[in-house]
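This report covers the fold, the interior and the surface of one protein chain. The sequence and structure come first, and the text follows them.

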Amino acid sequence: MDDLLNAQLNAQATAQGLMTVEAVQKALNRSRASVYRYANTNPSDLNPSYDARKLNPELRVNKDDPLLFHPNEVARFAQDVLGIKQVTIEVQQPSENVTHDLLRAILTELQSLRSALKDQS
């Protein structure tokens, strides 16, 4: 097992900076099934109480909500339970994509329209 773990928030992370199961899987270099086994979940209890030996997800409102994990909880679990000595959490901004480009173009167009309307007044 590696002594260093680089957990990276990538495009699969939510806007709040929480990690999805896929992001945890990639960060811990474990299978999806392993992440679900590590997770502190219970079919009869939506939000079970904190368990230091498990990977504790963020609180959920609905049983159909996806499991999301705080990066600090993933780091704690990696150190305390998996025995990884040094854990580094690296938060990265999501990469630029077509949506960002389109929104930027719309903003530019709106700004030019506002400028044109202001000039006419």
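Is α3 mostly covered or mostly open, and how many of its ten residues are buried? Helix α3 is mostly covered, with seven of its ten residues buried. These are Pro 71, Glu 73, Val 74, Ala 75, Arg 76, Phe 77 and Ala 78. The model is a predicted one.

**Overall fold**

The protein chain contains four helices and two strands. Read from the N terminus, its elements follow the order β-α-α-α-β-α. The chain has 121 residues, and 28% of them count as buried. Among contacts with a separation of 6 or more, 45% are between residues 24 or more positions apart. The chain exposes an accessible surface of about 8,500 Å², and carbon and sulfur atoms hold 52% of that area.

**Interior**

In soluble globular proteins, nonpolar side chains tend to be buried together. The largest nonpolar core here has 19 residues. Within this core, the residues with the most contacts are Val 24, Leu 28, Leu 55, Phe 69 and Val 74. Two or more core residues come from each of α1 (21–28), α2 and α3. Helix α1 supplies the largest share, five residues. Val 74 is also one of the buried residues of α3.

The structure holds one aromatic pair. Tyr 38 and Phe 77 form this pair, and its geometry is tilted, with 5.0 Å from centre to centre and 50° between the planes. The pair links distant parts of the chain, as its two members are 39 residues apart. Tyr 38 belongs to helix α2 (residues 32–38), and Phe 77 belongs to helix α3 (residues 71–80). Phe 77 counts as buried because its relative accessibility is 0%, below the 20% cut-off for that class.

**Surface**

Leu 102, Leu 103, Ile 106, Leu 110 and Leu 113 make a nonpolar surface patch of about 480 Å². Leu 113 of this patch lies in helix α4 (residues 98–120). Why does Leu 113 count as partly exposed? Its relative accessibility is 43%, and the partly exposed class lies between the limits of 20% and 50%.

The two residues with a stated accessibility are listed below.

| Residue | Relative accessibility | Class |
|---|---|---|
| Phe 77 | 0% | buried |
| Leu 113 | 43% | partly exposed |

Phe 77 thus appears in the aromatic pair and among the buried residues of α3, while Leu 113 contributes to the nonpolar surface patch.

Terms used
Residues numbered from 1 in each chain as written. Predicted model: local features only at pLDDT ≥ 70, side-chain atom pairs only at ≥ 80, totals over all residues. Heavy atoms only, no water. Patch = residues over 30% accessible without salt bridge, like charges linked within 9 Å, V, L, I, M, F, W, Y side chains within 5 Å. Areas by Shrake-Rupley, 256 points an atom, 1.4 Å probe, with all protein chains shown as cover. Salt bridge = Lys/Arg side-chain N within 4 Å of Asp/Glu carboxyl O. Buried < 20%, exposed > 50% of the residue type's maximum accessible area, 1.4 Å probe, protein only. Phe/Tyr/Trp six-rings, centres within 6.5 Å; stacked < 30°, edge-to-face > 60°. Contact = heavy atoms within 4.5 Å. Core = buried A, V, L, I, M, F, W, Y, C linked by side-chain atoms within 4.5 Å.
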